[in-house]
Amino acid sequence: MNSIFGNVDDLFLFCTVVEEGSLLSASKKLQLPVSTMSRRLTALEARLDVRLLEKQGRELVATQAGETAFEALSSGMESIQDAFMGLLTEREAVQGRIKLAIPHNFYKGFVAKIIEAFLTEYPKVQLDLVLSQEQLVPETDRDLLMTFDISSLEGMIARPLFKAKHGFFASPEYLKTHSAITTPADLEEHEWISVDHLLQLPVYKDEELVQMISIKSKLTVNDIHAVVQATEKGIGVASLPFRHVSQKMNLIQVLPEYHRSDRQAYLVYKERKYQPKALTLLIEALIEGVQLAQNAVPVK
């Protein structure tokens with residue numbers, strides 16, 4: 001942290017020299033060259049326009065102004081040092097093995113960097129990563145699941161992660177050879193490509209539920225990228241997350257004023273009075289990291 005006094009480290013150097021009684025002793029303690037310490041202390045005195053240290057024989061002692069400064073600063077420097085030591089100790093205490101089950105498109109899309117940064121920060125944590133769309137149930141207090149569907153996960157803690165906004169899409173080729181889609185009811189007459197087995201879809205206009213529609217699924221595949229590709233090929237209509245659609249794709253949004261309800265993703269884990277520290281920190285890292293990633297992506 002920089003201020004009119006320079007870097008906080010310079011104040012720490014000054015306090016260490018006073019405590020040790022010489023530049024040489026302080027340099028050994030801090031493992032810094034004497035020349036570097038001398039240069040930084042001289043610069044500190046110049047910024048403050050006050051003499052903090054003076055030679056007394058072979059030793060370096062504080063001047064009267066230096067003693068006053070040392071008395072005011074030393075307790076603060078000790079607090080800062082203790083705080084950082086506490087942080088380092090806490091980081092070293094974060095360890096153990098965690099099992100994370102997550103759809104692979106989530107991982108490739110925006111979670112990989114979060115996981116890599118977490119494992120770098122906490123080197124004693126081991127992660128078993130399961131990339132799958134299949135619904136799993138957390139069995140131990142170190143299991144963590146990322147999912148949209150929490151209907152069968154009673155007794156678990158479900159932390160909201162992000163919302164996926166959807167639109168209805170089809171390829172130009174499909175639209176040319178099938179009946180027109182001008183109302184939500186028309187969607188029921190078309191063949192669908194789905195990522196799950198839900199056959200009843202809510203249709204909204206803005207925040208208002210317009211109607212529930214029944215769909216006929218021609219293809220169900222548990223991977224959103226495969227759904228997008230099949231829709232581009234003209235196999236059917238699909239409800240697609242906007243974040244997985246680009247202008248370069250062979251897709252047209254139908255009924256752009258309508259949409260299905262936003263899909264809420266969750267982090268799910270077993271409820272325990274005392275959660276493992278590593279699990280708690282991973283959950284917070286994922287929530288914070290995903291929210292930052294979501295904010296960086298334009299949403300229609």
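The bend at a residue is the angle between two axes, one fitted to the seven residues ending there and the other to the seven starting there. The exercises below apply this and a few other ideas to a predicted model.

**Exercise 1. Locate the kink in helix α5, and find which residues of this helix are buried.**

Step 1. Helix α5 covers residues 104-121, and a kink of about 75 degrees in this helix is centred on Val-111.

Step 2. A residue counts as buried when its relative accessible area is under 20%. In α5 this holds for Asn-105, Phe-106, Tyr-107, Phe-110, Val-111, Ala-112, Ile-114, Ile-115 and Phe-118. Val-111, on which the kink is centred, is thus itself listed among the buried residues of α5.

**Exercise 2. Describe the open sheet of five strands, and state which strands stand at its edges.**

Step 1. The strands follow one another in the order β6-β5-β7-β17-β8, and their pairing is mixed.

Step 2. The edges are taken by β6 (125-131) and β8 (156-164), and because each of these has a single partner strand, one side of each is left without a neighbour in the sheet.

Step 3. On average, and with direction ignored, neighbouring strands of this sheet are turned by 20 degrees against each other.

Step 4. Helix α5 packs on this sheet, where it touches β5 (96-102), β6, β7 (143-147) and β8, and the direction of α5 makes about 175 degrees with that of β6.

Step 5. At the β8 edge, the pairing of β8 with β17 (residues 263-270) is antiparallel and runs over eight bridges; within it, Arg-159 has Leu-267 of β17 as its bridge partner.

**Exercise 3. Work out how β7 is paired, and whether its residues are buried or exposed.**

Step 1. With β5, strand β7 pairs in the parallel sense over three bridges, and here the bridge partner of Leu-100 is Leu-144 in β7.

Step 2. With β17, strand β7 pairs in the antiparallel sense, also over three bridges, and here Leu-145 has Val-268 of β17 as its bridge partner.

Step 3. In a regular strand the side chains alternate between the two faces of the sheet. For β7, Asp-143, Leu-145 and Thr-147 lie on one side, Leu-144 and Met-146 lie on the other, and all of them are buried, which leaves both faces covered.

Step 4. Since five of the five residues of β7 are buried, this strand is largely enclosed by the rest of the structure.

**Exercise 4. Describe the open sheet of three strands and the helix that packs on it.**

Step 1. The order is β14-β9-β15, and the pairing is antiparallel.

Step 2. Strands β14 (238-241) and β15 are the edge strands, each pairing on one side only.

Step 3. From one strand to the next, the twist averages 55 degrees.

Step 4. Four bridges join β9 (residues 166-170) to β14 in the antiparallel sense, and Phe-168 stands opposite Ser-239 of β14.

Step 5. Helix α7 (residues 224-232) packs on this sheet and touches β9 and β14, and its direction makes about 130 degrees with that of β14.

**Exercise 5. Find the angle at which α2 and α3 pack, and name the residues that make the contact.**

Step 1. Helix α2 packs against α3 (residues 34-48) at an angle of about 110 degrees, and their axes are 9 Å apart.

Step 2. Angles from 65 to 115 degrees count as roughly perpendicular, so α2 is roughly perpendicular to α3.

Step 3. The crossing in which α2 passes α3 is right-handed.

Step 4. From α2, the contact is made by Leu-23, Leu-24, Ala-26, Ser-27 and Leu-30, and from α3 by Val-34, Met-37, Ser-38 and Leu-41.

**Exercise 6. Compare the surroundings of the loop residues Asp-206 and Leu-255.**

Step 1. Most residues other than glycine have a negative phi. Asp-206, although not a glycine, has a positive phi of about 60 degrees, and Leu-255, which is not a glycine either, has a positive phi of about 45 degrees.

Step 2. Asp-206 lies in the loop between β11 (200-205) and β12 (208-214), whereas Leu-255 lies in the loop between β15 (252-254) and β16 (258-260).

Step 3. With a relative accessible area of 58%, Asp-206 is exposed, while Leu-255, at 5%, is buried.

Methods
Residues are numbered from 1 along each chain as its sequence is written. This is a predicted model: local features need pLDDT of at least 70, side-chain atom pairs count only at pLDDT 80 or more; totals for chains, interfaces and linings use all residues. Side-chain values use heavy atoms; hydrogens and water are left out. Helices (H or I, at least four residues) and strands (E, at least two) are DSSP runs, numbered from the N terminus. Buried means under 20% relative accessible area, exposed over 50%, partly exposed in between (1.4 Å probe, protein chains only). Two strands pair if DSSP finds at least two bridges between them. Axes are lines fitted to C-alpha atoms, for helices over the stretch in contact, and angles run from 0 to 180 degrees between N-to-C directions. Contact means heavy atoms within 4.5 Å. Angles under 35 degrees count as roughly parallel, over 145 as roughly antiparallel, 65 to 115 as roughly perpendicular and the rest as oblique. A crossing is left-handed if the near helix is turned anticlockwise from the far one by less than a right angle, and right-handed if clockwise.
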